[in-house]
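Dear colleague,

I am passing on a structure that is new to you, and below it you will find a short account of what I found there. Please read the account with the structure open beside it.

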Amino acid sequence: MMENSIYVGLSSQISLERRLDALAHNVANMSTPGFRATGMKFETMVSKAAEDSSFVSAGQSYIKTDAGPISPTGNPLDIAAKGDVWFSLQTPAGQVFTRDGRMQMSATGELLSVKGYSFLDAGGQPLTIDPNGGPPDISADGAIYQNKRQIGTIGLFTINPNAKLTYFDNSAVIPSITAQPAIDNPHAGVIQGSIEGSNVDAISEMTRLMSVTRAFERIDSLLRGNENTFSEGIKTLGSKT
């Protein structure tokens, strides 16, 4: 039974360590525009050797897709996505998807992310404006105008809710199922002159981080106590043989 308690404690420490890593990642990115927080799913398994001992699995991480707060900036090259849609970027890893709509213009007029990746239209082509045409006007449907002439449309994409997401450069994701252009979606759109913040709830995450840290320390203390008791028991039994 003492060995089982050690195994249960170790399984708890492993799960808590993964939770700590996820929380630390969230807290580090709570000011990153468009960032999507990491969540953890845990399962409890019953030991085959002792059915009254419960072991916690290491946990499965997932990316939360809840929207973050939208803040006005007044910058015509800042855009926020409205609804359950994503912008798309062309990167060395292929097409990725983000809610970070901070655009910058290259010398040739290409619209790039803060990391230098091209923003794409719905057909997957890079967006380019006239570098000498003045600030663009971007309508609610993503159409880009300069001098009252449409020169492109920002691509909006939907991601299958069953897709597994992996991070790319923190604020972008790569889905396991191909994202699709959002066509004629009345709930989707673009807000010019605004950016979306991280969906991390800073106060809640800091509170969880402290709670998990204390729980990890308590289990570590219990394991050390059990280890010492186990070692003393072995010494006592050894002296009687």
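**What the model shows**

The largest nonpolar core (buried Ala, Val, Leu, Ile, Met, Phe, Trp, Tyr and Cys residues joined through side-chain atoms within 4.5 Å, where buried means under 20% relative accessible area with a 1.4 Å probe, protein chains only) has 21 residues, and those with the most contacts inside it are Ile79, Phe87, Met103, Leu111, Ile138, Ile144 and Ile154. Strand 6 (79–82) and strand 7 (87–91) are the elements that give two or more residues to this core, strands being DSSP runs of E with at least two residues, numbered from the N terminus. Apart from this core lies another, of nine residues, including Ile63, Phe97, Ile159 and Val173.

This is a predicted model, in which local features need pLDDT of at least 70 and side-chain atom pairs count only at pLDDT 80 or more, while totals for chains, interfaces and linings use all residues. Residues are numbered from 1 along each chain as its sequence is written, and side-chain values use heavy atoms, with hydrogens and water left out.

Three strands form an open antiparallel sheet in the order 12-13-14, with strand 12 (137–138) and strand 14 (149–153) at the edges, each pairing on one side only. Strand 13 (residues 143–146) and strand 14 pair over four bridges, where pairing requires that DSSP finds at least two bridges, and isoleucine 144 stands opposite glycine 152.

Threonine 98, in strand 8 (residues 94–98), is buried, with a relative accessible area of 1%.

With kind regards

Terms used: Buried < 20%, exposed > 50% of the residue type's maximum accessible area, 1.4 Å probe, protein only.
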